[in-house]
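This report describes a single protein chain, with attention to its charged residues, its internal cavity and its backbone. The sequence and structure are shown first.

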Amino acid sequence: MNGAFRTTAFMGLLAAAMVFGAIYYYPKAAEIIVDAKVNQNLFETYETNDVRTISIMQYSDESNRIEQFRLRRKGERWVIPNAGDFPATRIARIGEVAKSLLDRTVLSLATEDEQGHVDYGVVDPSESGNSSRSSLGMRVDLLDRNKGDIANLIIGKPVPGASDGVPRHYVRIPGQPAVYELEIPKNIFKTRFEDWIDPNLMELPPPTSTEVSISQINVDQYRLDPKNIADCKQQPISRTVFEIDKANVKKPVFEAFLEGEFSEQKLSPAQESEAASTLRSLGNIRYIDVVGKPKAAAKILRSPSGISDAASFKPLEQFGFRISNEGAIEASNGEVSVTTTDGVRVRMLIGSLAQRAADSENLDLHFHAMLVASLEDSSFETPTKPKDVAKDSAENKAYLRAMEELNRKRKSAELRIDGLNRNWSKWIYVVPETTVNAIRPDITL
């Protein structure tokens, strides 16, 4: 009995040893990486209205440094804090970014090894250290009103061979080692000031507008001595007038200042085409930065017609703007003005050259520019009052209705002018030379 038990026990131990050996020495299958987030949303659902700050950070080849761009919601507006809370007016793009991290499903897990962050380009740019440029990702942070995290993401290199549609990128959550594949429209995240503002700086009506349209454009070329802008005489060069009637542009009238007076010059077809470039460019004015005006100057520019407080305006001379002896605003490099059918005249004054940032590799020239709006009296033709008619006559009633309509239009124009000057009074715009040349072509005779 004992012999049989020992034999059975021995055979059991032998079988267990053989199973263990088979398990130990049998070739293992390749490791399959599985993560709980695969096929799940990378972030919890959030309300886009809760997003109060957007931060985008990346390495810029243009400036050769790490750039961070922030947007902050202030009341009902989005502003750019690093530009003195200048309003960000690309509202559709802001909305797109605010919801960009919603419902982003993880397609697969690329690695959980931190050594792979360099290969997949998801190194945090805020902790870049000595990392190579190609390894740095783009970091996107969405924060709430208390600056708490709603969602954060580092977007790396594109996934090779990804199918058409929304681009796939390697991504990771800051502070976590795992790298995932995710469909994310990386091109909506921008770090340039100009990508977040509407280029219709002069707030001109669209060409399809049936209510208000452009009626006249004036290009005034003149110079002020930048070394003595306060006291120098204006040096006229030329002036061009475009009259527009129901979207039909008449031939431009070009006058050159020759021998002490303006004289009309006949333009060649090529010169007319060059002059007409103004019409194509005014609704798309590129500006790359803004400078805040001194408060005293901004205050008087809310009502810029007939400025008498020259002392408050004087700080603007460093930007190439002055008040003439007649109380008019002049600029060191001329101006372009647009009159619309509602009786509003908008002037873009082109001041001095703007200083280029010391760490910028961009050698392009830039100008200071300023905008003011005023009433164009010639747009309001007073109807002739009928003589020797009774107050209740049809002629007098028609006259009173015409006067009432005239006053309504004038009041409407004044309200629009007040709003424009209130927005523009705070800022000097930094405009590239290419844009200035487009809206103010230099016609050589």
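Helices (H or I, at least four residues) and strands (E, at least two) are DSSP runs, numbered from the N terminus. The model is a predicted one, in which local features need pLDDT of at least 70 and side-chain atom pairs count only at pLDDT 80 or more, while totals for chains, interfaces and linings use all residues. Residues are numbered from 1 along each chain as its sequence is written, and side-chain values use heavy atoms, with hydrogens and water left out.

## Overall architecture

The protein has eight helices and 21 strands. Of its 445 residues, 42% count as buried; buried means under 20% relative accessible area, exposed over 50%, and partly exposed in between (1.4 Å probe, protein chains only). A contact is defined by heavy atoms within 4.5 Å. Among contacts between residues at least 6 apart in sequence, 61% join residues at least 24 apart.

## The cavity

A cavity is a set of points, on a 1 Å grid over the protein atoms alone, where a 1.4 Å probe fits but cannot get out; lining residues have an atom within 4 Å of a point. Grid points are joined across faces, edges and corners, and a volume is the space filled by probe spheres set on the points. The structure holds one cavity of 30 Å³ or more. The volume of the largest cavity is about 50 Å³. Its lining consists of Val 219, Gln 221, Ser 238, Thr 240, Phe 242, Phe 254, Ala 275, Thr 278, Pro 441 and Ile 443. Two or more lining residues come from each of β10 (214-223), β11 (235-245) and α4 (269-281). With three residues, β11 gives the most to this lining.

## Salt bridges

Side chains of opposite charge can pair when their charged atoms come close. A salt bridge is a side-chain nitrogen of Lys or Arg within 4 Å of a carboxyl oxygen of Asp or Glu. The structure holds 18 salt bridges, including the three in the table.

| Salt bridge | Closest N to O distance |
|---|---|
| Arg 139 and Asp 124 | 2.7 Å |
| Asp 195 and Arg 192 | 3.1 Å |
| Glu 255 and Arg 239 | 2.5 Å |

Arg 139 forms a salt bridge with Asp 124. This pair links distant parts of the chain, 15 residues apart: Arg 139 lies in strand β6 (residues 138-143), and Asp 124 in the loop between α3 (116-120) and β6. Arg 139 counts as buried because its relative accessibility is 18%, and Asp 124 likewise counts as buried, at 4%.

Glu 255 and Arg 239 also meet in a salt bridge. Here too the pair links distant parts of the chain, with Glu 255 in strand β13 (residues 253-258) and Arg 239 in strand β11, 16 residues apart. Arg 239 has 32% relative accessibility and therefore counts as partly exposed.

The bridge between Asp 195 and Arg 192 belongs to a network of salt bridges that links Arg 192, Glu 194, Asp 195 and Arg 286. Asp 195 is buried at 12% relative accessibility, whereas Arg 192 is partly exposed, with a relative accessible area of 38%.

## Glu 67 and its surroundings

Which side chain of opposite charge is nearest to Glu 67? Lys and Arg count as positive and Asp and Glu as negative, while His and the chain ends are not counted. The nearest such side chain is Arg 65, 4.1 Å away, and Glu 67 is buried yet has no salt bridge.

Glu 67 is placed in strand β2 (residues 65-74). Its side chain makes a polar contact with the side chain of Thr 191 at 3.4 Å. A polar contact is a pair of N or O atoms within 3.5 Å; within protein, one must be able to donate a hydrogen and the other to accept it, and residues adjacent in sequence count only if both atoms are side-chain atoms. Leaving aside neighbours within four places in sequence, Glu 67 is in contact with Ile 56, Met 57, Gln 58, Ser 60 and Thr 191.

Ser 60 is found in strand β1 (residues 53-60) and is buried, with a relative accessible area of 10%. Outside its neighbours within four places in sequence, Ser 60 is in contact with Arg 65 and Glu 67. The C-alpha atoms of Ser 60 and Arg 192 are separated by 9.9 Å, although these residues are 132 residues apart along the chain.

## Positive phi angles

Glu 203 has a positive phi of about 55 degrees although it is not a glycine. Glu 203 is found in the loop between β9 (179-183) and β10, and counts as partly exposed at 39% relative accessibility. Asp 388, not a glycine either, has a positive phi of about 55 degrees. Asp 388 is found in the loop between β20 (366-375) and α7 (394-424), and at 85% relative accessibility it counts as exposed.

Conventions
1 Å grid on protein atoms, 1.4 Å probe; cavity = no way out; pocket = protein on both sides within 12 Å on 5 of 7 lines; lining within 4 Å.
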